[in-house]
Amino acid sequence: MVGPNEQRTQHSLFSGTALSPSMYGRIPMTNSSSGFDGVLACHDCDLLHHVRDVPAGGKALCSRCGALLYRNHPDGLNRVLSLNLAALICMILVNVFPFLSMEIAGRVEETVFISGVLSLYQLGMGELGLLVLLTSLLFPLLGILGMLYVLLPVRFGFRLPGLVPVYRLVRIVAPWCMLDVLLLSVLLAAVKLLDIANVVPGIALYAFVALVVLEAAAYASFDRALLWPATSTDAAGRGGTAADAELINCHTCALLVPASMLSHAGKGNCPRCSSPLHRRKANSIKRTWALIISALLLLIPANIYPVMTVIRFGHGEPSTIAAGIEHLIEAGMWPLGMIVFVASIIVPFMKLAALSLLQVSVQKRSGWRLRDRTVLYRLTELVGSWSMVDIFLIALLTGLVKLDALTTITPDIGALFFAGVVVTTIFAANSFDPRLIWDHRK
Ligand SMILES: [Zn+2]
Ligand SMILES: [Zn+2]
């Protein structure tokens with residue numbers, strides 16, 4: 001159970017970072033710790049953990065729900081900074097050079113990264129184009145620039161205004177950065193187009209592959225302790241959950257703030273980072289139900305209406321998600337068909353079923369498999385964005401297939417409803433508070 005790189009002990013864990021006091025001493029703090037003997041609360045189950053050393057490269061996991069509490073990356077700050085800088089350079093290359101070239105009957109057309117977005121806009125599907133633009137370009141760019149904005153001052157010892165709002169913005173856009181999903185869609189589009197054209201990858205495509213790898217590595221290397229000490233010494237000696245100890249876990253900087261600091265209306269701000277404090281996500285159950293029901297309603301038109309029309313040699317008709325998968329399998333592209341099937345049908349249904357199960361079990365105050373249900377929640381959060389594969393695929397095909405007068409691919413209204421399903425399910429997963437699983441039990 002416990003490998004050399006992870007440490008799990010009952011009720012007490014943790015820490016040991018590459019942090020030196022001088023490194024975080026530059027960050028504004030009002031309630032900071034001076035050492036590693038503090039306490040922090042698990043963000044998924046609220047259990048308090050005492051901080052202990054973790055070996056270099058190791059991580060500390062929650063003893064109750066298995067959530068990642070803390071990582072110890074030696075030289076983490078330099079690593080995250082260089083990964084983000086390299087990602088920024090790749091991001092520029094991706095948008096400057098040709099992405100894919102299509103060669104049909106001796107004619108070659110080069111497409112750029114945002115061709116799909118422009119085509120969607122020209123075809124009157126501006127909303128879909130905007131979603132693709134945000135998730136594949138603007139949010140990832142914002143994430144990279146935001147990280148550099150908050151970390152460069154820490155590295156070089158100066159201060160910039162707005163550290164907390166910028167960091168919070170980076171956190172908000174993180175679930176909407178879908179470069180990895182887009183990469184899968186690019187591969188699928190290339191496979192699908194091979195039967196009508198010769199597809200030649202451009203420089204931007206290679207840069208894009210590098211960007212996906214760098215972004216994932218940068219995300220995995222970042223630890224909030226680079227900005228704020230991970231622990232609160234004020235809470236030392238307390239046991240149980242943060243709620244039991246009348247403490248509130250700041251969502252932004254992870255400081256444990258005494259609940260007495262909240263107003264009668266339950267409102268207040270973190271003394272260290274000024275972010276609004278709340279015991280649990282506001283109206284979590286109601287909001288999550290509203291979003292689950294919206295997503296279920298949107299699933300109906302998303303599956304009834306056609307998502308895309310492919311016309312070849314004057315023939316073709318609009319096809320729904322299910323018909324599209326059938327065509328792919330009939331054409332012998334069954335691996336591609338299976339991927340689209342899993343992303344477009346299995347993932348949204350499983351996600352809604354999982355969230356409904358979590359909601360009902362919390363409302364029934366069930367004590368059934370608490371840890372497994374927390375893991376189920378984390379999985380639901382993780383797989384949600386992969387449903388975007390189909391939307392990206394449609395955008396790419398629309399953008400790429402312009403050269404061949406004999407073939408046209410256009411998006412249809414069903415794609416818009418399906419995009420609505422993806423967006424509402426991501427919001428639904430975000431609005432659920434996994435700590436309720438542990439709070440509400442008999
Ligand atoms: Zn936990
Ligand atoms: Zn805070």
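## Sheets, helices and core of a predicted model

An open sheet of three strands is arranged in the order S7-S6-S8, and the pairing is antiparallel. Its edge strands, S7 (107-111) and S8 (198-201), each pair on one side only. From one strand to the next the twist averages 20 degrees; angles run from 0 to 180 degrees between N-to-C directions, with axes as lines fitted to C-alpha atoms, for helices over the stretch in contact. This is a predicted model, in which local features need pLDDT of at least 70 and side-chain atom pairs count only at pLDDT 80 or more, while totals for chains, interfaces and linings use all residues. Residues are numbered from 1 along each chain as its sequence is written, and chains are lettered from A and ligands numbered from 1 in the order in which they are written.

Helices (H or I, at least four residues) and strands (E, at least two) are DSSP runs numbered from the N terminus. Two strands pair if DSSP finds at least two bridges between them.

### Strand pairing

Strands of a sheet pair through backbone hydrogen bonds, either parallel or antiparallel. In the sheet described above, S6 (residues 100-104) and S7 are antiparallel and share five bridges. Ser 101 has Glu 110 in S7 as its bridge partner.

A second open sheet also has three strands, here in the order S12-S11-S13 with antiparallel pairing. S12 (318-319) and S13 (407-411) stand at its edges with a single partner strand each, so one side of each has no neighbour in the sheet. S11 and S13 run antiparallel and are joined by five bridges; Arg 312 is bridged to Thr 407 in S13.

Val 310 belongs to S11 (residues 308-312). Val 310 touches Gly 316 and Ile 409, leaving aside residues up to four places away in sequence; two residues are in contact if their C-beta atoms, placed from the backbone, lie within 7 Å. Although Val 310 and Ile 409 are 99 residues apart in sequence, their C-alpha atoms are 4.5 Å apart.

S4 (residues 59-61) and S5 (residues 68-71) run antiparallel and are joined by three bridges. Leu 61 has Leu 68 in S5 as its bridge partner. S4 and S5 form a hairpin with six residues between them, and Gly 66 in the turn has a positive phi of about 80 degrees.

### Helices and the nonpolar core

A residue is buried if 20 or more other C-beta atoms lie within 10 Å of its own, exposed if 12 or fewer, and partly exposed in between, with C-beta atoms placed from the backbone. H6 (residues 179-193) has 15 residues and reaches 21 Å from its first C-alpha to its last, close to the 21 Å expected at 1.5 Å a residue; the expected span is 1.5 Å times one less than the number of residues. The buried residues of H6 include Leu 179, Ser 185 and Lys 192. They pack against S6, H4 (126-156), S8, H7 (203-221), H10 (334-363) and H12.

H8 has 21 residues and reaches 31 Å, close to the 30 Å expected. Among its buried residues are Thr 288, Leu 291 and Ile 292, and the buried residues of H8 pack against H10 and H13 (413-431). Ser 294 also lies in H8 (residues 284-304). The C-alpha atoms of Ser 294 and Thr 424 are separated by 7.1 Å, with their positions 130 residues apart along the chain.

The largest nonpolar core has 125 residues, and Ile 391 and Phe 392 have the most contacts inside it. Such a core is a set of buried Ala, Val, Leu, Ile, Met, Phe, Trp, Tyr and Cys residues joined through C-beta atoms within 7 Å. H12 (residues 388-400) supplies the largest share of this core, 10 residues. At least three residues of the core come from each of domain 1 (76-224) and domain 2 (284-430); the domain bounds come from an automatic or database domain assignment. Ile 391 touches residues including Leu 128, Leu 131, Phe 418 and Val 422.

### Residue environments

Two residues other than glycine have a positive phi. Asp 75, with phi of about 55 degrees, is in the loop between S5 and H2 (76-96). Ala 254, with phi near 70 degrees, lies in the loop between S9 (247-249) and S10 (256-258).

| Residue | C-beta neighbours within 10 Å | Class |
|---|---|---|
| Asp 75 | 11 C-beta atoms | exposed |
| Ser 294 | 17 C-beta atoms | partly exposed |
| Val 310 | 19 C-beta atoms | partly exposed |
| Ala 254 | 23 C-beta atoms | buried |
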